[in-house]
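Thank you all for coming, and please have the sequence and the structure open while I speak. I will go through a few local features one after another, and I will try to say for each where it sits.

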Amino acid sequence: MKKLSVIIPAYNEELRIKETLLDVHNTLSQYNFGYEVIVVNDGSSDNTSGVVDDLRKNIPSLFLINNEKNHGKGWVTRQGIMAAKGDIRLFMDADNSTKVVEVIKMLPYFEQGFDIIVGSRCLEGSNISVKQPKIRIFLGWVLRTVIHVLIPVGVVDSQCGFKVFTERAANLIFPKQTIFRWAFDVEILIIAKKNKLKIKEMPITWVNNTESHIN
């Protein structure tokens, strides 16, 4: 791998984005590969873009794409993925529910021929250190069951916001994306299957954030 791109879609994250970006930078700077961090601001009404802009003085690998209007997480994720320069491209949540260090254990699988690595909160070995409320756990189970029956995508946890792509996979999938808000993850996995891309699902450590923007 020559370079890792980390894409972080952000909407009204001024209170959390600094801690996340410092963790990403401090973690990746310990490894001997190049990296870039791209924050895509999705028309935030708070000072998300200002916080990121201030950090760029101390993190030279940090870049900001600033949108004045809100387009949806899927839209800005695609925007960041397509702007990235890395051989491997990760998108992760701005609340740092899954830390970037999880990508390190995924990288060797790309050398084995996998095109996409999907983080999972549902596999044996996953560590959910702070759980969601019971109603969200139940609704998540219902969603996974419906997806598995109607549109199987080959993974258990299609909605986890920690997914990694090769440059080739990203260029095959994201230009064809049409869903830009809730459940965009399902569509990109369907596109991946149609293109016969090789997908691996891996357990991750995940911490539920009680200030989630999803209701």
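Let me start just past helix α7, where we come to K196, a residue whose phi is positive, near 60°. Before going further I should say that this is a predicted model, so please take each value I give as computed from that model. As background for the phi value, most residues other than glycine have a negative phi. Where else does a residue other than glycine show a positive phi value? N12 is one such residue, with a phi near 50°, and you will find N12 in the loop between β1, residues 3-10, and α1, residues 17-28. N96 also has a positive phi, of about 65°, although N96 is not a glycine, and its place is the loop between β4 and α4. As for accessibility, N12 counts as partly exposed because its relative accessibility is 22%, while N96, at 10%, counts as buried, the cut-off for buried being under 20% relative accessible area.

Let us turn back to helix α7 itself, which is mostly covered, since eight of its 11 residues are buried. The buried ones are F184, D185, V186, E187, I188, L189, I191 and A192, so if you colour them in your viewer you can follow them along the helix.

Helix α3, residues 73-83, can be looked at in a similar way, and its buried residues are G74, V76, T77, G80 and I81. How do these buried residues lie when we look down the axis of α3? They fall within an arc of 165°, and therefore they line one face of the helix. One of them, G74 in helix α3, has a relative accessibility of 0% and so counts as buried. The C-alpha atom of G74 is separated by 8.9 Å from that of T178, although the two residues are 104 residues apart along the chain.

There are other pairs of this kind, in which residues separated along the chain can be compared by their distance in space. S5, in strand β1, has 0% relative accessibility and therefore counts as buried, and its C-alpha atom lies 6.1 Å from that of A84, with their positions 79 residues apart along the chain. G43 sits in the loop between β2, residues 34-42, and α2, residues 48-55, and it counts as buried because its relative accessibility is 15%. From G43 to N70 the distance is 4.3 Å, C-alpha to C-alpha, while in sequence the two are 27 residues apart.

Now to the aromatic rings, where the count comes to five aromatic pairs. Why is the pair of Y31 and F33 called stacked? The ring centres are 5.9 Å apart and the planes stand at 15° to each other, so the pair is stacked, the cut-off for stacked being planes under 30 degrees apart. Of these two residues, Y31 is partly exposed because its relative accessibility is 32%, whereas F33, with a relative accessible area of 14%, is buried. F91 and F184 form another aromatic pair, a tilted one, with 5.9 Å from centre to centre and 40° between the planes. This pair links distant parts of the chain, because F91 belongs to strand β4, residues 88-91, and F184 to helix α7, residues 184-194, which puts them 93 residues apart. Both F91 and F184 are buried, and ring pairs join these two with F165 and F174 into a cluster.

Rings also take part in another arrangement here, with charged side chains. The charged end of R121 sits over the ring of W206, 5.0 Å from the ring centre, and the charged end of K198 sits over the ring of F114, 4.5 Å from its centre.

My last topic is the second largest pocket, which holds about 170 Å³ of space. Which residues line the second largest pocket? They are M1, F33, D87, I88, L107, P108, F110 and E111, and the F33 in this list is the residue that stacks with Y31. Helix α4, residues 107-111, gives the most to the lining, with four residues. By character, the lining residues divide into six nonpolar, no polar and two charged.

Note on methods
Residues are numbered from 1 along each chain as its sequence is written. This is a predicted model: local features need pLDDT of at least 70, side-chain atom pairs count only at pLDDT 80 or more; totals for chains, interfaces and linings use all residues. Side-chain values use heavy atoms; hydrogens and water are left out. On a 1 Å grid over the protein atoms alone, a cavity is a set of points where a 1.4 Å probe fits but cannot get out, and a pocket is an open set with protein on both sides within 12 Å along at least five of seven lines; lining residues have an atom within 4 Å of a point. Grid points are joined across faces, edges and corners, and a volume is the space filled by probe spheres set on the points. Helices (H or I, at least four residues) and strands (E, at least two) are DSSP runs, numbered from the N terminus. Ala, Val, Leu, Ile, Met, Phe, Trp, Tyr, Cys and Pro count as nonpolar, Asp, Glu, Lys and Arg as charged, and the others, Gly among them, as polar. Buried means under 20% relative accessible area, exposed over 50%, partly exposed in between (1.4 Å probe, protein chains only). The arc is that of the directions from the helix axis to the C-beta atoms. Rings of Phe, Tyr and Trp (its six-membered ring) pair if their centres lie within 6.5 Å; planes under 30 degrees apart count as stacked, over 60 as edge-to-face and the rest as tilted. A charge sits over a ring if NZ of Lys or CZ of Arg is within 6 Å of the ring centre and within 35 degrees of the ring normal.
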